[in-house]
Amino acid sequence: MSKGTLTVISGFSGAGKGTLMKRLLERHGNYVLSISATTRSPREGELDGREYFFKTREEFEEMIARDQLLEYACYVGNYYGTPRSWVEEQMAAGRDVLLEIEIQGARNIKKKYPEALLIFVSPPSAQELLRRLTGRGTETPEVIQSRISRAAEEAQGMDDYDYLLINDDLECCVGQLDQLIQSAHRRMSENLEFAGKITEELQKMKGE
Ligand code: ADP
Ligand code: 5GP
């Protein structure tokens, strides 16, 4: 069975990651988005089990202790983590799994899965980032300020990613993202197919 790819999408809060993911999932049935666990409170309109699995700090620490998370990190005072078993099952079923996670988590994923594709999404400028964060209207000015400070730190880690995507024109950015993942998927399938073929040939040759 062909294996699916693992793609990490990171970027400053307000860069448009959520918007991009939504559009990407509408494009193909083969994409699936991992739902993270978090200790932060739900925003208006968010549902438990849809945007996140909302956990208490104790519940989250229990998940860490039981090794149920593929990776986790602290971000602006809250825990965020990727449930392990769901991601592994989806990849084994050939699905292309998307993780929308921050930079520490991205680095940990790369350590565990060196073949994972790491993509960093940025708006065209800092001014545009502030405009999007303010325009979304979901955070207080204090939280926006802490997210801008965090973005300044995150900008230092952009080099760790395989690709930088500028989310200026949304449709153009979705198309680029789709192409990057599809080419990683093709590469993985072709490699697996070739490895299977030559292993079989060598086994036969050995027996002859
Ligand atoms: P993130 O998930 O990275 O925090 P969101 O997807 O919530 O960001 O996007 C932040 C805001 O920016 C939203 O109001 C969204 O509609 C807007 N947005 C996203 N992409 C674009 C784009 N390409 N051009 C203009 N506005 C955008
Ligand atoms: P938000 O509170 O805006 O939903 O998310 C804050 C940050 O946490 C974003 O950068 C988001 O990508 C990141 N994040 C969400 N889920 C996870 C996760 O499972 N692991 C890690 N490491 N970061 C996550």
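This text walks through a predicted model, from an annotated domain to one strand and then to a surface patch.

Start with the annotation. An unreviewed UniProt entry gives residues 4-182 as "domain: Guanylate kinase-like". In the model, this span is 43% helix and 24% strand. The C-alpha atoms at its two ends lie 10 Å apart.

Now look at strand E1, which runs over residues 6-11. The strand is mostly covered, with 6 of its 6 residues buried. Cover comes on both faces. On one side sit Leu6, Val8 and Ser10, all buried. On the other side sit Thr7, Ile9 and Gly11, and these are buried too.

Next, follow the pairing of E1. Strand E7, residues 96-100, pairs with E1 in the parallel sense. That pairing has 4 bridges. Within E7, leucine 99 is the bridge partner of valine 8. Strand E8, residues 117-122, also pairs with E1 in the parallel sense. Here there are 5 bridges. Leucine 117 in E8 stands opposite threonine 7.

Turn last to helix H7, which spans residues 170-207. Methionine 205 lies in this helix. Is methionine 205 buried or exposed? Its relative accessible area is 54%. Exposed means over 50%, so methionine 205 counts as exposed. Methionine 205 also belongs to a nonpolar surface patch. Phe194, Ile198 and Leu202 make up the patch together with Met205. The patch has an area of about 400 Å².

Technical notes: Residues numbered from 1 in each chain as written. Chains lettered and ligands numbered in written order. Predicted model: local features only at pLDDT ≥ 70, side-chain atom pairs only at ≥ 80, totals over all residues. Heavy atoms only, no water. Patch = residues over 30% accessible without salt bridge, like charges linked within 9 Å, V, L, I, M, F, W, Y side chains within 5 Å. Areas by Shrake-Rupley, 256 points an atom, 1.4 Å probe, with all protein chains shown as cover. Salt bridge = Lys/Arg side-chain N within 4 Å of Asp/Glu carboxyl O. Buried < 20%, exposed > 50% of the residue type's maximum accessible area, 1.4 Å probe, protein only. UniProt positions renumbered as here; feature names shortened; annotations may be inferred. Pairing = 2+ DSSP bridges.
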